[in-house]
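Trainee: I should like to understand how the descriptive terms for this structure are justified. May we go through them one at a time?

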Amino acid sequence: LTQEEVLTIQNHFEDAYGNKPTINTVTPLVGKELAKNGVIAVLLASLGIVIYISFRFQYLYGIAAIIALLFDAWFVLIVFSILQIEVNIPFIAAVLTVVGYSINYKIVTFDRIRENLKFEKKVKGFDDLARVVNESLKQTLTRTINTVLTVLFAAVALFLFGGESIRSFSFAIVIGLLAGTYSSMFIAAQLWLIFKTKQLEKQKKRPVQQTEG
């Protein structure tokens, strides 16, 4: 609207209802600042996750989890870009929420993998690790699906019946939950399997040092 049109509309509402509406404009500079803050928030969250998982489990679990979480975040962003949906503050909040839910699924899977590894007498290579990963995924599959469906029902209800102000938030939650479930079952554990296999192969290639005493 031109400045004259804005003044005409404001004067009309002030004369008719005694209240002048405010005009808010988001400039490209504010948009860049919003995107910058969103990236910083995701990076800080990812750093905290890596530190926690490395301390709680092992750094290989942390690397696999972060790669899978990046898939979740980028998947949501790609869907929003294809559908030309506005990226705003609720969207950033939704992405961080998705990261929180997704890392929860991955930690449960990693914890089961670690527990099952304790029952293995000797892990020689890929086949042994793959068997442990497959068994762990089977044990956590029902729990993951039930948890996701419970949250997904609420998110879909918010998307269908919620207000326009939270429409992008609820849609991002729905897409992120689906992506997070996929990455938990088909990306995170498999990446750890690859990393762990390479680590075992490197350990086998190290020369055996003999000491005389």
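The discussion below concerns a predicted model.

Trainee: What makes the chain α-only in its order of elements?

Mentor: The elements run α-α-α-α-α-α from the N terminus on, and the chain has six helices and zero strands.

Trainee: How do you know how the radius of gyration of the chain stands against that of a compact globule?

Mentor: The rule for a globule is 2.2 Å times the number of residues to the power 0.38. For 213 residues this gives a value near 17 Å, but the chain has 24 Å. The C-alpha trace spans about 95 × 40 × 25 Å along the principal axes.

Trainee: What makes helix 3 and helix 4 a packed pair?

Mentor: Two packed helices are described by an angle and a distance between their axes. Helix 3 (residues 59–83) and helix 4 (residues 89–118) pack at about 150°, with axes 10 Å apart, and their crossing is right-handed.

Trainee: Which residues of helix 3 and helix 4 meet?

Mentor: Contact requires heavy atoms within 4.5 Å. Among the residues that meet are Ala-65, Leu-69 and Asp-72 in helix 3, and Val-99, Lys-106 and Arg-114 in helix 4. By class, this contact has 17 nonpolar, one polar and three charged residues.

Trainee: What is the class make-up of the lining of the largest pocket?

Mentor: The largest pocket has a volume of about 430 Å³. Of its 17 lining residues, the closest to the centre are Gly-38, Val-39, Val-42, Leu-77 and Val-95. Helix 2 gives the largest share, eight residues. The lining has 14 nonpolar, three polar and no charged residues; Gly counts as polar.

Methods. Residues numbered from 1 in each chain as written. Predicted model: local features only at pLDDT ≥ 70, side-chain atom pairs only at ≥ 80, totals over all residues. Heavy atoms only, no water. Axes fitted to C-alpha atoms, helices over the stretch in contact; angles between N-to-C directions. Helix = DSSP H or I, 4+ residues; strand = E, 2+ residues; numbered from the N terminus. Left-handed = near helix turned anticlockwise from the far one by under 90°. 1 Å grid on protein atoms, 1.4 Å probe; cavity = no way out; pocket = protein on both sides within 12 Å on 5 of 7 lines; lining within 4 Å. Points joined across faces, edges and corners; volume = space filled by probe spheres on them.
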